[in-house]
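Reader: Hello! I am new to this structure and would love a close look at one part, the surroundings of ligand 2, and then a walk outward from there. Could you take me through it step by step?

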Amino acid sequence: MELNPDKRELALKFVYYGPGLSGKTTNLRALFQTADPRGRGRLMTVDTADDRTLFFDLLPLFLQTSSGLKVKLKLFTVPGQVMHNSTRRLVLAGADAVAFIADAQPGERQANFDYWRNLGENLRENGISTENLPLVIQFNKCDLADGALRQEIAETARNSRRPVFAATAIRGEGVKETFSALVSLTLERLDREHGLARSTGLDLAELLGSLARTLEGSRAGGPR
Amino acid sequence: MSVVSPVRPVGVLDRRMTLRELVDQPSLTDLCMSFVELHRLGVKVFDEDGARLVDIKTGSGDFCAYLFTKSPGKQRCTETVTYLKQHPLPVVGNERGCEARTCFSGTRYVMAPIVHEGDLLGRVVLGPFVPEEAGDLSPELFELAGAFDLERVRELQKRIRRASETAVRRIAEHFGKVLEVLLFASYRAALTSQMHIEAISEDYRELQAKSRELKESYERLQELDRLKSNFLATVSHELRTPLTSIIGYSEMLLAGLAGELNPEQEDYLSTVLEKGEGLLNLITSLLDLSKVESQGVKLALKETAVPAIVRQSVSTVLPLATKRRIELSTEVDESMPPAVVDPDKLRQAIVNLLSNAVKFTPDGGKILVRSGLLPQAPEGTGPFGRASRFLVSVQDNGIGIAPAEQERIFETFYQVDSSSTRAHGGAGLGLSLVKSYVEAHGGKVWVQSRLDEGSTFTLDLPLETAQPARP
Ligand SMILES: Nc1nc2c(ncn2[C@@H]2O[C@H](COP(=O)(O)OP(=O)(O)OP(=O)(O)O)[C@@H](O)[C@H]2O)c(=O)[nH]1
Ligand SMILES: Nc1ncnc2c1ncn2[C@@H]1O[C@H](COP(=O)(O)OP(=O)(O)OP(=O)(O)O)[C@@H](O)[C@H]1O
Ligand SMILES: [Mg+2]
Ligand SMILES: [Mg+2]
């Protein structure tokens, strides 16, 4: 995070992490498509001809609060292909929160597990403690999951200390929920550890409301 | 938590970039130039700190210059410029507004913020233009009438474009958007190339760490190998001393030095002696091996009659071959010139091949030993057309060796059947010694073999082994 009290600006970095083709880029696209154009920047994608992320995707979101604090949320995706591990590590540097996008298809269990471990390694390499890191898990492609797996996801959700979401990102389902929960965790942590609300006069509930409106898009009226 | 100056180094993707870093100045100037030509409006671009990146005037140059010559004009002109550079422009998320400012001269400017990722990076200023609704000169100019020749001012002002503020605002907004697309593209290019470089150096760093690890483990292995050789040397030396006593005393007993032996005692003692000698041979080859491994093969070169060496080798294994009813024959070219070799090493090499042949050939088999000059072939010929190499081969009609094994049998300790139930004794050292000895002479050894049909091992050696350069 980057807090500039003079300019009254706060910037937070969110990283979408997970195995190849799990739908990280699709999550960002879905957020981009429905977000209020006044509250989002351009979606930057750096990918190959076959739509595999090469370096990262980047979507900036902007929120404004009545206290006059400008909040910038920068959403990144990492490239999921195995060979891009050093790029994943670089994108992950300085992350304030991570959304782990798992693939709910039956054959992807091992890949999910491998990348979960890979996330742990790269966080460690970046000196980011996993202990208090805001992290949510999304099982994407639920439209392709079988009944057993759906049940398992529900089970995991009940037992996990991390929030777990089922999603079908390609239809936009579960995408906003995942991100909102992550932002909420992140703000709670910053407030707990750095007294964010006190030091900046920030009203967390108001900010989350502003986020919800931005994500809902113009239909619900934009920010401000 | 990082407040303004972050403690940890800012990641590639997290660094804020200034307008100057993001645009290519000549391209920006070109872009502005084409706007100026299209709209007949001046364009100025300032960065966040008010530093000027572009300033193109059209029509207004003489007008402003004239007003600037007199001190009241100069002062107010400066006020306007300062305002244009520094007046805060609001940026809310992606929303931005243009602002207008009228100069004391009655001309007007429109300012549009340049926004990138929600941050204000600078501003575009369009103008001056004469507002459409403006009548004659501005009242302020009339107040300063004493200082200026108003007719002149009127003339000069005519060269400045008249336009409606709404139109100029639209142009400014459009210009801002074009610029933002440009900025987005450059930002993307900058991040991408930075990431590329960083990713490559990360990979390089990783590779280096890996190869360092490999090197370390290689060195550890080498050290272990050295320890093993030393261990072999020490152990075999320590084993030999008591063994020579065992053999010596057995021989003395057998020779009757301690009194007559009955046939049964003699029989037992012969077995002790035989096994003892077998053990001594094994230890000797271990010792040879550790010598080879620790200091390489040292040759004592001498002019040597190869046929004699072959005969001595054959006689060494003859008793064993006879016992197994194996026919051992030779084809030796007695006329070949003497060779400069280490006779002991050559004998040992041939004996090793022969004892393998006996060991791996069933009772009643056949072994043929041949030696002679390499048949005239370009490769085997010296500079004056004389033969420069000779061959010794040992051929048997034994069990043979599968093609996949033919390379490996020359490795130390390698045996085709290394199970504990294997039919033949030995430690797997013979051939590796042969190879070391032959290679020390600058020669080579190879095998031709078919499973169940037999094997032929051939030594190919130079007639004259060069003395090694080092003493
Ligand atoms: N059926 C289905 N397909 C999906 C869903 N989400 C994404 N996909 C498809 O999965 C493929 C990969 O999606 P991406 O978003 O590019 O995956 P990624 O995780 O960014 O992949 P990398 O960039 O290679 O790591 C695309 O063809 C998407 O259309 C989903 O919910 N259901
Ligand atoms: N003439 C041969 N016919 C068939 N196999 C052979 C022959 N010579 C060698 N081999 C194979 O190659 C292996 C290695 O031979 P090498 O002489 O190095 O060891 P060894 O004879 O088993 O033991 P050592 O020579 O130390 O007593 C043998 O164990 C055997 O399997
Ligand atoms: Mg992707
Ligand atoms: Mg042998």
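Author: Happy to! Let us start at one contact: the side chain of Q415(B) has an N or O atom 2.7 Å from an oxygen atom of ligand 2. Please keep in mind that this is a predicted model. The backbone joins in as well, since L429(B) places a backbone N or O atom 2.7 Å from an oxygen atom of ligand 2. At G430(B), a polar backbone atom is 3.1 Å from an oxygen atom of the ligand. How much of ligand 2 does the protein cover? On its own, ligand 2 has 590 Å² of accessible area, and the protein covers 93% of this.

Now step back to the whole shell. Ligand 2 is surrounded by 21 residues, and the closest are N356(B), Q415(B), G428(B), L429(B) and L431(B). Q415(B) and L429(B) are thus among the closest residues, and you have already met them through their contacts with oxygen atoms of the ligand. Sorted by class, the shell holds eleven nonpolar, seven polar and three charged residues. Three elements of chain B each give at least two residues to this shell: α10 (343–359), α11 (430–440) and β16 (454–462). Of the shell, the largest share belongs to α10(B), with three residues.

For a companion view, turn to chain A and ligand 1. Here 20 residues form the surroundings, and the closest are K24(A), T26(A), R52(A), T53(A) and G80(A). The side chain of K24(A) has an N or O atom 2.7 Å from an oxygen atom of ligand 1. For T25(A), a side-chain N or O atom is likewise 2.7 Å from an oxygen atom of the ligand. G23(A) takes part through its backbone, with an N or O atom 2.9 Å from an oxygen atom of ligand 1. Taken alone, ligand 1 exposes 650 Å², of which the protein buries 82%. Helix α1 (residues 24–34) of chain A gives the most to this shell, three residues. The classes here are six nonpolar, nine polar and five charged residues.

One backbone detail in chain A is worth a visit. D51(A) sits in the loop between β3 (44–47) and β4 (53–64). Its phi is near 65°, a positive value in a residue other than glycine. Why point this out? Most residues other than glycine have a negative phi, and most peptide bonds are trans.

That last remark leads back to chain B, where the peptide bond from G127(B) to P128(B) is cis, with omega near 0°. P128(B) belongs to strand β8 (residues 119–131) of chain B. P128(B) also helps to line the largest cavity, along with residues including R40(B), T58(B), R159(B) and R161(B). This cavity holds about 40 Å³ of space, and the structure has one cavity of 30 Å³ or more. Its lining is split into three nonpolar, three polar and three charged residues.

Last, follow helix α7 (residues 165–254) of chain B. This helix has 90 residues and reaches 129 Å from its first C-alpha to its last, close to the 134 Å expected at 1.5 Å a residue. After α7(B) comes G256(B), whose phi is positive, near 80°.

Key
Residues are numbered from 1 along each chain as its sequence is written. Chains are lettered from A and ligands numbered from 1 in the order in which they are written. This is a predicted model: local features need pLDDT of at least 70, side-chain atom pairs count only at pLDDT 80 or more; totals for chains, interfaces and linings use all residues. Side-chain values use heavy atoms; hydrogens and water are left out. A residue is near a molecule or strand if one of its heavy atoms lies within 4 Å of it. A polar contact is a pair of N or O atoms within 3.5 Å; within protein, one must be able to donate a hydrogen and the other to accept it, and residues adjacent in sequence count only if both atoms are side-chain atoms. Accessible areas come from the Shrake-Rupley method with a 1.4 Å probe; for residues, only the protein chains shown count as cover. Helices (H or I, at least four residues) and strands (E, at least two) are DSSP runs, numbered from the N terminus. Ala, Val, Leu, Ile, Met, Phe, Trp, Tyr, Cys and Pro count as nonpolar, Asp, Glu, Lys and Arg as charged, and the others, Gly among them, as polar. On a 1 Å grid over the protein atoms alone, a cavity is a set of points where a 1.4 Å probe fits but cannot get out, and a pocket is an open set with protein on both sides within 12 Å along at least five of seven lines; lining residues have an atom within 4 Å of a point. Grid points are joined across faces, edges and corners, and a volume is the space filled by probe spheres set on the points. The expected span of a helix is 1.5 Å times one less than its number of residues.
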